[in-house]
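Here is a note for a colleague who has not yet worked with this structure. The points below concern charged pairs and one helix.

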Amino acid sequence: MREAGRRLGLVHQQIAGEIRAGMSTMDVNRIGEQLILDQGCIPSCKNYEGFPAAFCVSVNEEVVHGIPSDGRILAEGDIVSLDTVLSYKGYHADATRTIPVGKVSKAARLLIERTRESFFVGMRKAFAGRHLHEISRAIGDYAKGFGYGIVRDYCGHGIGADMHEDPEIPNYRQWRRGIKLKPGMTLAVEPMINMGTGNVVWAEGNDWTAMSADMSLSAHYENTVLITDGKPEILTITDDEREAGYLDLF
């Protein structure tokens, strides 16, 4: 799991530097798939339950599961969420980053930053002996404080030998505390935060792509996390994020 996560962090580090206006979302997918293969890994999303690509490439109001297309061209000011899973020696790692395309609006930049921050606020509760839904509450309360909408139709999950395992990990307050966290658990924690409503609708013509119901911008940030005897270990952190001090946020 550590090695799968390290390799996925490298993939995200590299593909972020490739994003530019004028490229198609299929271009993004092609680059990303090759980066995964270059790491000696398998692109787990490709053909998963019929999904046709290695990356979910979701632009602006698309929350998750955007299907790459040669006809969808990135423009200056867009934001694009890159969600992918890879498998290394039979174990999966899952991570998402939302990337600005060129110069974006202040509101878009803050949405990206605060969605990422909500993840790390959640990590302050990701300690053995605490309960799973303490993470959910921390993420949701942080995002809600800015007036953002929190997506409820999708959530995080356990991960390991299978891409999606129990437990589900919502990004908002729950009535119950959830399971107790124990060392060795591996979780994919992934806030999906909208600038407007948290409600989603699905794109016409496919059963995959979810969009914010009011067509407001959406950001998505995800890492694969290992619960330990001490601080949680973020397995898919990128070198840039490490150098920026994000690990000091929890």
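1. Buried is used here for a relative accessible area under 20%, exposed for over 50%, and partly exposed for what lies in between, with a 1.4 Å probe and protein chains only. This is a predicted model, in which local features need pLDDT of at least 70, side-chain atom pairs count only at pLDDT 80 or more, and totals for chains, interfaces and linings use all residues. Residues are numbered from 1 along each chain as its sequence is written, and side-chain values use heavy atoms, with hydrogens and water left out.

2. How many salt bridges does the structure hold? There are 11, a salt bridge being a side-chain nitrogen of Lys or Arg within 4 Å of a carboxyl oxygen of Asp or Glu. Helices (H or I, at least four residues) and strands (E, at least two) are DSSP runs numbered from the N terminus.

3. E233 and R2 form one salt bridge, at 2.8 Å from N to O. E233 belongs to strand β15 (residues 233-234) and R2 to helix α1 (residues 2-16), so this pair ties together parts 231 residues apart in sequence. E233 is partly exposed at 27% relative accessibility, while R2 is exposed at 53%.

4. A salt bridge also joins E33 to K46, with 2.8 Å between the closest N and O atoms. E33 sits in helix α2 (residues 25-38) and K46 in the loop between β1 (42-43) and β2 (55-59), so parts 13 residues apart in sequence are tied together. E33 is buried, at 17% relative accessible area; K46 is partly exposed, at 34%.

5. R72 and E62 meet through their side chains in a salt bridge of 3.1 Å, N to O. R72 is in the loop between β3 (62-64) and β4 (79-88), and E62 is in strand β3, so the pair links parts that are 10 residues apart in sequence. Separately, E3, R6 and R7 are joined into one network by salt bridges that share partners.

6. Which residues of α2 are buried? They are T25, V28, N29, G32, E33, L35 and I36. Viewed down the helix axis, these buried residues fall within an arc of 160° (taken from the directions from the axis to the C-beta atoms), so they line one face of α2. Their cover includes α1, β1, β2 and β4, where contact means heavy atoms within 4.5 Å.

7. After α2 comes G40, with a positive phi near 75°.
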